[in-house]
Amino acid sequence: EYRMRFRPEPEMSHGQPARTAVLLCNLGTPDAPTAAATRRYLAEFLADPRVVEIPPAVWKPILHGVILRTRPVKSAAKYQQIWTPEGSPLMVWSRKQEVMLRGYLGERGHDVSVRLAMRYGNPSIASQLDELKKRGCTRILVVPMYPQYSGTTTASVIDAVADWARTARHVPELRFVNRFHDDPGYIRALTRVVHQRWQSHGRPDKLVMSFHGVPERTLTLGDPYHCECQKTARLLAERLALKDDEWVLTFQSRFGKAKWLEPATQTVLEQLGRAGTPHVDVVCPGFVADCLETLEEIAMEGQAAFKAAGGKEFGYVPCLNDDPTWMAALAEIVQEHLQGWPTQRRADDGEAAATRERARAKGAKS
C-alpha cells in the first residue's frame with residue numbers, strides 16, 4: 001500500500017496573517033516520578049545517537065538488555081526527592097519562562113507566539129511545531145535553552161526540528177539560537193543570582209562552577225562545548241571579582257565508562273572537604289532551570305559528598321529560573337535573532353479577522 005510521505009497541511013483561511021513564533025526547547029523530564037515513566041523517558045533520551053555515540057548494533061542490546069532494566073527504578077527514586085506538587089521542577093520553571101518571555105516580548109512591542117517544547121518526553125518538539133503551524137506561524141525561531149553549544153544538546157534539537165521538517169509539505173522559515181554562553185545579559189543574570197546567595201549567606205572560600213559533562217573525545221573531535229564552558233566561567237569570575245584561587249570549573253553527571261571532561265564535580269567537592277575548606281558554594285551556569293542534575297545531584301549528593309569528606313558549610317546557588325534579569329536577557333537574545341522578521345501585528349489584522357469571521361458566519365447561514 002502506498003503511503004504519502006508528506007503530511008497534509010492544517011486548513012488555513014486565505015488572507016490569514018502570517019505570524020512569527022518562538023519555540024523554547026529544553027532537555028525534558030519524565031511525565032511522573034515513576035519507574036515506568038522514567039523508563040519511557042530514558043529510552044528516548046539514551047537512544048539519541050547525539051547523546052550516545054556508540055554504533056546501534058552494539059549499544060541497543062546494552063540499552064534494552066541492561067540499562068533500561070535497572071536504571072529507571074534508581075532514577076525514579078531520585079526524581080521523587082525533588083518532585084513538586086506542580087510536577088517536575090524543570091517543567092515548572094520552563095513553563096514560567098515560557099509565560100514570562102511572552103510578557104517581556106509583548107512589553108517590547110512584539111506580538112509573537114511563544115511555546116515550550118522538550119527534546120525528550122512531552123510536549124515534543126514535533127507536536128509544538130504542528131501547533132504553531134495551525135496558528136498560522138510561518139516564521140519560527142527555535143531557542144535551545146543550552147547556553148553553551150554542544151552536539152549532544154543543541155545539535156540534537158536541530159535534528160528533531162529537521163526530522164519534523166522532512167515530512168512537512170509546507171516548511172516554515174526557521175532560525176536557531178545556537179549559543180549564548182558569553183551574552184552580557186546572561187552573564188549579568190548569573191552574577192545576580194550568585195550575589196543574592198552571598199548577600200544572605202556570605203561569600204564562600206571557594207565557588208565551584210559545575211557544568212554538565214560530556215565525553216572527552218567530543219572535544220578532540222571538534223565540539224566547542226568545553227571552550228564555551230571555559231569562557232562562561234571566566235566571564236562570571238571576572239564579574240564576581242574572584243581571584244584565580246577562589247573558584248574552580250568542574251564537570252558533573254558522568255555516564256558510562258568512557259573518559260569524560262575533568263575535573264569531576266564530586267571529586268573536587270571531596271578534595272575541598274578533605275582540605276578542610278570551611279565554606280563552598282556551587283553554581284551551575286549551564287542549566288537555566290533547576291532540574292534533577294542541580295537539585296538532586298548537586299544540592300543533595302554533592303553536599304553529602306563534601307560534608308562526608310570533612311567540609312563544613314555547603315551552599316547551592318539556584319539556577320536562573322524566573323529571575324527578572326535573566327528573563328530580560330532572554331528577551332534581548334530572542335529580539336536580536338528575530339531581526340528582519342515582522343513581529344508586530346498590522347493595524348488592519350483585527351479588521352481582516354473580523355471580516356473573515358463575518359464571511360464564515362454568512363456562509364454558514366446560507
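This report describes a parallel sheet, the helices that pack on it, and several individual residues of a predicted model.

Residues are numbered from 1 along each chain as its sequence is written. Because the model is predicted, local features need pLDDT of at least 70 and side-chain atom pairs count only at pLDDT 80 or more, while totals for chains, interfaces and linings use all residues; side-chain values use heavy atoms, with hydrogens and water left out.

**The sheet and its helices**

Four strands form an open sheet in the order β6-β5-β7-β8, with parallel pairing. Here strands (E, at least two residues) and helices (H or I, at least four residues) are DSSP runs, numbered from the N terminus, and two strands pair if DSSP finds at least two bridges between them. The edges of the sheet are β6 and β8, each of which pairs on one side only. From one strand to the next, the twist averages 25°.

Strand β7 (residues 279-283) pairs with β8 in the parallel sense over 5 bridges. Asp 281 has Gly 315 in β8 as its bridge partner. Helix α10 packs on the sheet and touches β5, β6, β7 and β8, and its direction makes about 165° with that of β8. Helix α6 (residues 184-201) lies across β5 (206-212), β7 and β8, and runs at about 145° to β8. For these values, axes are lines fitted to C-alpha atoms, for helices over the stretch in contact, and angles run from 0 to 180 degrees between N-to-C directions. Contact means heavy atoms within 4.5 Å.

**Thr 294 in helix α10**

Thr 294 belongs to helix α10 (residues 292-308). Thr 294 counts as buried because its relative accessible area is 0%; the term buried applies under 20%, exposed over 50%, and partly exposed in between (1.4 Å probe, protein chains only). Leaving aside neighbours within four places in sequence, Thr 294 is in contact with Cys 284, Phe 287, Ala 299, Tyr 316 and Cys 319. With Tyr 316, the side chain of Thr 294 also makes a polar contact of 3.4 Å. A polar contact is a pair of N or O atoms within 3.5 Å; within protein, one must be able to donate a hydrogen and the other to accept it, and residues adjacent in sequence count only if both atoms are side-chain atoms.

**Backbone features in loops**

The table lists two cis peptide bonds and the loops in which their prolines lie.

| Peptide bond | Omega | Loop holding the proline |
|---|---|---|
| Asn 122 to Pro 123, cis | near -10° | between β2 (113-121) and α4 (125-134) |
| Glu 262 to Pro 263, cis | near 5° | between β6 (247-252) and α9 (265-274) |

Positive phi values occur in Ala 241 and Asn 321, residues other than glycine. Phi of Ala 241 is near 55°, and Ala 241 lies in the loop between α8 (225-239) and β6. Ala 241 counts as exposed because its relative accessibility is 60%. Phi of Asn 321 is near 45°, and Asn 321 is placed in the loop between β8 (313-317) and α11 (324-337). With a relative accessible area of 5%, Asn 321 is buried.

**Lys 74 in helix α2**

Lys 74 is part of helix α2 (residues 56-82). Its relative accessible area is 57%, so Lys 74 is exposed. Lys 74 and Thr 34 are 40 residues apart in sequence, and their C-alpha atoms are 9.8 Å apart in space.
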